[in-house]
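Subject: Handing over a structure, with notes on what was found

Dear colleague,

I am passing the structure below on to you, and the notes that follow it are meant for someone who has not looked at it before. Please keep it open while you read.

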Amino acid sequence: MSLELTDVNLTYPDGDGVVRALDEVSVRVEPGEMAAVVGPSGSGKSSLLAVAATLIRPDSGRVVVGGTDTLGMRPRELAQLRLNRIGIVFQQPNLIGALTAAEQLVVTEHMRSRPLHEARRTALETLASVGLEGKAHRRPHQLSGGERQRVNIARALAARPDALLVDEPTAALDQERGGRVMDLLSEATRTFGVATLLVTHDTEFLGSAKQVLEMRDGRLGAREPA
Ligand SMILES: Nc1ncnc2c1ncn2[C@@H]1O[C@H](COP(=O)(O)OP(=O)(O)OP(=O)(O)O)[C@@H](O)[C@H]1O
């Protein structure tokens, strides 16, 4: 199911005026495809992800996740949509130190009211799909930085969401590990048939993205050739 933003506008109050963070932004990402958004600091990339994640309601425009128009949904309904249909991968893995890789996923499955045996099975399957077979019992400090980011990605995919939103996944990694995480994201996008929207400063690994877009002063367009 696709992810679709249409004519989205977002302003933040700023003293007596406003900051125009998103200016008539439209993007459509099909299932199994990845769109990458690059752009300078302050151009609106995080705001775009926050609106796509339904964490911020835009001033105007439409946000449709997996065919569901989120405009007019109540906060409780939005929370359910986020839990079940949107996966979010932040720059830092935000794993819980005391839990194993499998338990990181089981905890969120528990929030989705999945029976424990099913949650465990899904956790192991999803970890295997990101190349962590055999490492499900390890705690975060027993994993490398790239492996921790894989657990983070697996956790976001465990619910088999419609949309995967990814914020600077390579920022904390060196070039080689960053490249591998990007390869994994593009493979997972296809395998899980998810619509992936990724923002990054890093223009190095954009080859796997179907669309590469550039954000400038809140406006989203085709990326200018370097
Ligand atoms: N809560 C807020 N209140 C006021 N202005 C904000 C707020 N959050 C962001 N902004 C402003 O909105 C604009 C877009 O910010 P945003 O964080 O979306 O940019 P970004 O492209 O993600 O930047 P970076 O790459 O540095 O993370 C910037 O001018 C920023 O200063």
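Two strands are taken to pair if DSSP finds at least two bridges between them, and the strands themselves are DSSP runs of E with at least two residues. Please bear in mind throughout that this is a predicted model.

With that in hand, strand β3 (residues 34-38) and strand β9 (residues 211-216) pair in the parallel sense, and four bridges hold for this pairing; V38, for instance, has E214 in β9 as its bridge partner. Strand β9 is also joined to strand β10 (residues 219-222), here by four bridges and in the antiparallel sense, with A222 in β10 as the bridge partner of L213. The hairpin of β9 and β10 has two residues between the strands, and D217 in this hairpin takes a positive phi near 45 degrees.

There is also an open sheet of four strands, in the order β2-β1-β4-β5, in which the pairing is antiparallel. Its edge strands are β2 and β5, each of which pairs on one side only. Within this sheet, β1 is joined to strand β4 (residues 60-65) by five bridges, the two running antiparallel, and one pair of bridge partners is E4 and V64, the latter in β4. Strand β4 is in turn joined to strand β5 (residues 68-69) by two bridges, again antiparallel, and here V64 stands opposite D69 in β5. These two strands, β4 and β5, form a hairpin with two residues between them, and G66 in the turn has a positive phi of about 55 degrees.

One residue of β4 may be worth a look of its own, namely V63, which has its place in that strand. Is V63 buried or exposed? A residue is called buried if 20 or more other C-beta atoms lie within 10 Å of its own, and V63, with 22 C-beta neighbours inside 10 Å, therefore counts as buried. Leaving aside residues up to four places away in sequence, V63 touches L5, V8, V51, A52, T54, P58, T70 and L71. By contrast with those contacts, the C-alpha atoms of V63 and A154, which are 91 residues apart along the chain, are separated by 25 Å.

Turning to the ligand, the residues that surround it are Y12, D14, V19, A21, G39, S41, G42, S43, G44, K45, S46 and S47. The elements that give two or more residues to this shell are β1 (3-14), β2 (17-29) and α1 (45-52), and α1 gives the most, with three residues. By character, the shell around the ligand divides into three nonpolar, seven polar and two charged residues.

Among the helices, α4 (residues 116-129) is the one I can describe in some detail. Helix α4 has 14 residues and reaches 20 Å from its first C-alpha to its last, which is close to the 20 Å expected at 1.5 Å a residue. Its residues A119, T122, A123, T126 and L127 are buried, and, seen down the axis of α4, the buried residues fall within an arc of 125 degrees, so they line one face of the helix. That buried side packs against α3 (101-111) and α5 (145-157), whereas the face turned away from it carries the exposed residues H117 and E118. Just after α4, G131 takes a positive phi of about 85 degrees.

Finally, two residues other than glycine also have a positive phi, and you may wish to look at each in turn. S113, with phi near 65 degrees, is found in the loop between α3 and α4; since a residue with 12 or fewer other C-beta atoms within 10 Å is called exposed, S113, which has 8, is exposed. R160, with phi near 55 degrees, lies in the loop between α5 and β7 (163-167), and this residue is partly exposed, with 13 other C-beta atoms within 10 Å.

With best wishes

Definitions and conventions
Residues are numbered from 1 along each chain as its sequence is written. This is a predicted model: local features need pLDDT of at least 70, side-chain atom pairs count only at pLDDT 80 or more; totals for chains, interfaces and linings use all residues. A residue is near a molecule or strand if its C-beta atom, placed from the backbone, lies within 6 Å of it. Ala, Val, Leu, Ile, Met, Phe, Trp, Tyr, Cys and Pro count as nonpolar, Asp, Glu, Lys and Arg as charged, and the others, Gly among them, as polar. The expected span of a helix is 1.5 Å times one less than its number of residues. The arc is that of the directions from the helix axis to the C-beta atoms. Two residues are in contact if their C-beta atoms, placed from the backbone, lie within 7 Å.
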